[in-house]
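Visitor: I have a chain open on my screen and would like to talk through it with someone. Could you take me around?

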Amino acid sequence: MFDNFNFENPQFFWLLLLLPLALGWYVWKRKQQTAELRISSTKAFENKPGILSKLKPVLFILRLLVLTLVITALARPRSVDVSTRSSSTLGIDIVMAIDVSASMLARDLEPNRLDATKEVAAEFIRNRPGDRIGLVVYAGESFTKTPITSDKNIVLAALEDVSYNNVLENGTAIGMGLATAVNRLKDSKAESKVIILLTDGVNNAGFIDPKIASELAVEFGIKTYTIGVGSNGTAMSPVAIRPDGSFQYGRVPVEIDEQLLKEIADATGGKYFRATNNEKLEAIYEEIDALEKTEIDELKFYNYEEKFRPLVLLAIGLLLFELLLKFTVFRSFV
């Protein structure tokens, strides 16, 4: 209700502290404001005082109201109507290529690498309202989960649906994942084109060499940020499938081809990151978010409507009303 209402000079409200002082002074001096008459007997004056004498404090209350209105008017209350016009001067198209091989179910990140990635990636997507984003998933092969789109609800729904399954051939085809992402961006007209490629392993599948895929990214002016996910040493990872379809876990060495990921990032003008836990993964996406910002020109127009005039008029009216009462109805008590 008061979102578009403010006071230009709120410091004048400190003057309201004078009102309790005035009230205290009035109570203390009230008896001295009444004329005294010393007589030998008060029997002739034992009748109850009239209603006017009881209403005399109304004059002081009116004066306090006048002061309150004047102080509020000095604070300059006003309503603000804000209209905004935005124009994007630098659009960014982003494709997120996510490894969905079985090793992404390893539990060195909580609850596992894949779910931790989905949670952080979803927050990254929400923070990019001015960009178009697409989604590629890969294991032993790759496919486009969502083409680049400005509809974040579609991308978030597709990301939520990402999971390990037997549809894709098992393995880690980094070259295939990168090439598919490049294919989604090669015809983009955006000023900046970015791939965020995430994996937890080494390139051991697919028929496209990762270095060839990175050369394609360079040719089309696509910057690639690479992320290696996994703790150092060993991690609890799927090692077999039980008869009921659930995974059997065991300690497996963490193997990430960091040299390859660094080469891809360096060749395309991006950067390589290593996420050994949830906090580092979140920090990586925050850093990428800061590095790749959409520039937006925003013009705001403010239309102010002053509200102090009615307060001043009301204060003048109450002051005149007080003077009228003082010199008419309460004249004999002044």
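Guide: What follows is a walk through this predicted model, from the overall make-up to single residues.

Visitor: Okay, how many helices and strands are in the chain?

Guide: The chain has 10 helices and 11 strands. Of its 334 residues, 40% are buried, and the accessible surface of the chain comes to about 19600 Å², with 56% of that belonging to carbon and sulfur atoms.

Visitor: And what part of the contacts with a separation of 6 or more comes from residues 24 or more positions apart?

Guide: Those pairs account for 80% of the contacts in the chain that have a separation of 6 or more.

Visitor: Let's go to the core. Which members touch the most others in the largest nonpolar core?

Guide: That core has 35 residues, and M96, I227, L281 and Y285 are the ones that touch the most other members. Two or more residues are given to this core by each of β3 (92-99), α4, β4 (132-138), α5, β6 (192-199), β7 (222-229), β10 (272-275) and α9 (278-291). Helix α4 supplies the largest share, which is seven residues.

Visitor: What does Y285 touch, then?

Guide: With neighbours within four places in sequence left aside, Y285 is in contact with M96, T117, V120, A121, F124, I196, L198 and I227. As for other cores, there is a second, separate one of 25 residues, and L178, A181, A217 and I222 are among its members.

Visitor: Is there a general reason to look for cores like that?

Guide: In soluble globular proteins, nonpolar side chains tend to be buried together.

Visitor: F124 came up just now. Where is it, and is it buried or exposed?

Guide: F124 sits in helix α4, and because its relative accessible area is 3%, F124 counts as buried. Beyond four places in sequence, F124 is in contact with I94, M96, I196, Y285, I288 and D289. The C-alpha atoms of F124 and E282 are separated by 9.0 Å, although these two residues are 158 residues apart along the chain.

Visitor: Staying with α4, how do the axes of α4 and α5 cross?

Guide: The axes of α4 (residues 113-126) and α5 (residues 152-160) come within 10 Å and cross at roughly 175°. Helix α4 is therefore roughly antiparallel to α5, since angles over 145 degrees count as roughly antiparallel.

Visitor: Which residues make that contact?

Guide: From α4 the contact is made by K118, A121, A122, I125 and R126, and from α5 by K152, V155, L156, L159 and E160. Sorted by type, the residues of the contact divide into six nonpolar, no polar and four charged.

Visitor: New topic: backbone oddities. Where is there a cis peptide bond?

Guide: A cis peptide bond joins E110 and P111, with omega at about -10°, and P111 belongs to the loop between β3 and α4. On phi, R76 has a positive value of about 55° although it is not a glycine. R76 lies in the loop between α3 (57-74) and β2 (77-88), and R76 is partly exposed, with a relative accessible area of 30%.

Visitor: Why mention those two at all?

Guide: Because most residues other than glycine have a negative phi, and most peptide bonds are trans.

Visitor: Fair. R78 is charged; is it buried or exposed?

Guide: R78, which lies in strand β2, counts as buried at 10% relative accessibility. Not counting residues up to four places away in sequence, R78 touches N4, F5, N6, E8, Y304, E305, E306 and K307. R78 and F308 are 230 residues apart in sequence, and their C-alpha atoms are 7.4 Å apart in space.

Visitor: And G228, what does it touch?

Guide: G228 is in strand β7 and counts as buried because its relative accessibility is 0%. Leaving out residues up to four places away, G228 touches T199, I256, L261, Y272, F273, R274 and A275. One of these, I256, is 28 residues from G228 in sequence and 6.5 Å away, C-alpha to C-alpha.

Visitor: Last one: where is A179, and which residues does it touch?

Guide: A179 is placed in helix α6 (residues 174-185) and is buried, with a relative accessible area of 12%. Not counting residues up to four places away in sequence, A179 touches I208 and A213, while the C-alpha atoms of A179 and D209, 30 residues apart along the chain, are separated by 9.1 Å.

Key
Residues are numbered from 1 along each chain as its sequence is written. This is a predicted model: local features need pLDDT of at least 70, side-chain atom pairs count only at pLDDT 80 or more; totals for chains, interfaces and linings use all residues. Side-chain values use heavy atoms; hydrogens and water are left out. Axes are lines fitted to C-alpha atoms, for helices over the stretch in contact, and angles run from 0 to 180 degrees between N-to-C directions. Helices (H or I, at least four residues) and strands (E, at least two) are DSSP runs, numbered from the N terminus. Angles under 35 degrees count as roughly parallel, over 145 as roughly antiparallel, 65 to 115 as roughly perpendicular and the rest as oblique. Contact means heavy atoms within 4.5 Å. Ala, Val, Leu, Ile, Met, Phe, Trp, Tyr, Cys and Pro count as nonpolar, Asp, Glu, Lys and Arg as charged, and the others, Gly among them, as polar. A nonpolar core is a set of buried Ala, Val, Leu, Ile, Met, Phe, Trp, Tyr and Cys residues joined through side-chain atoms within 4.5 Å. Buried means under 20% relative accessible area, exposed over 50%, partly exposed in between (1.4 Å probe, protein chains only). Accessible areas come from the Shrake-Rupley method with a 1.4 Å probe; for residues, only the protein chains shown count as cover.
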